[in-house]
Amino acid sequence: MTVTAAVPAPAVPAPAVPAPAVPAPAVPAPAVPSADGSGAAAARALVQDYLETLWNQGRTDLADRYLAEGLIRHNPDLPDGRAPLTAFVDGLRAQLPELRFELRRLAAEVRRAI
């Protein structure tokens with residue numbers, strides 16, 4: 001007669017739980033220009049938000065708030081699309097982390113700001 005005893009399985013350490021991600025600072029949603037005459041102020045705010053958020057803060061993860069996926073660039077050195085521009089911003093900020101842009105003049109109409 002053979003007697004077998006139950007052998008407990010070796011203890012397996014629990015997988016390490018990753019630390020929770022530190023949330024990025026909240027950035028308000030950009031203003032959206034409207035056609036009712038109040039759009040000039042919204043267009044101005046949108047451009048100011050874009051410059052501050054993407055270029056000065058480097059928050060390229062929020063680029064879809066400001067840039068179309070099929071963005072057409074009029075720059076022969078940078079391909080069209082949102083991704084090439086965000087990659088450029090990331091690279092520029094990696095080389096010059098203290099770089100800041102400042103708007104000195106901004107002309108805005110209902111649906112345009114330059």
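**Entry 1: the start of the chain.** I looked up residues 1-5 and found pLDDT (the predictor's confidence in each residue, from 0 to 100) under 50 there. For this stretch the model has 0 contacts beyond four places in sequence, a contact being heavy atoms within 4.5 Å. My reminder on the source: this is a predicted model, where local features need pLDDT of at least 70, side-chain atom pairs count only at pLDDT 80 or more, and totals for chains, interfaces and linings use all residues. Residues are numbered from 1 along each chain as its sequence is written, and side-chain values use heavy atoms, with hydrogens and water left out. The protein's average pLDDT is 77, and 61% of the residues score at least 70.

**Entry 2: the core.** Next I looked for the largest nonpolar core (buried Ala, Val, Leu, Ile, Met, Phe, Trp, Tyr and Cys residues joined through side-chain atoms within 4.5 Å). I found 11 residues in this core, among them Leu54, Trp55, Ala63, Leu85 and Val89. Helix H1 (39-56) and helix H2 (82-95) are the elements that give two or more residues to this core; helices are DSSP runs of H or I, at least four residues, numbered from the N terminus. I also checked Ala63, which touches Leu54, Arg82 and Thr86, leaving aside residues up to four places away in sequence.

**Entry 3: how the helices meet.** I noted that H1 and H2 pack at an angle of about 60°, with axes 10 Å apart. Axes are lines fitted to C-alpha atoms over the stretch in contact, and angles run from 0 to 180 degrees between N-to-C directions. The two helices are therefore oblique to each other (under 35 degrees is roughly parallel, over 145 roughly antiparallel, 65 to 115 roughly perpendicular, the rest oblique). On the H1 side, Tyr50, Leu54, Trp55 and Asn56 make the contact, and on the H2 side Leu85, Phe88, Val89, Leu92 and Arg93.

**Entry 4: the rings.** I counted 3 aromatic pairs. Rings of Phe, Tyr and Trp (its six-membered ring) pair if their centres lie within 6.5 Å; planes under 30 degrees apart are stacked, over 60 edge-to-face, the rest tilted. Trp55 and Phe88 are edge-to-face, at 6.2 Å centre to centre and 65° between the planes. Trp55 lies in H1 and Phe88 in H2, so this pair ties together parts 33 residues apart in sequence. Trp55 is buried at 13% relative accessible area, while Phe88 is partly exposed at 41% (buried is under 20%, exposed over 50%, partly exposed in between; 1.4 Å probe, protein chains only). Trp55 also pairs edge-to-face with Phe101, at 5.5 Å and 80°.
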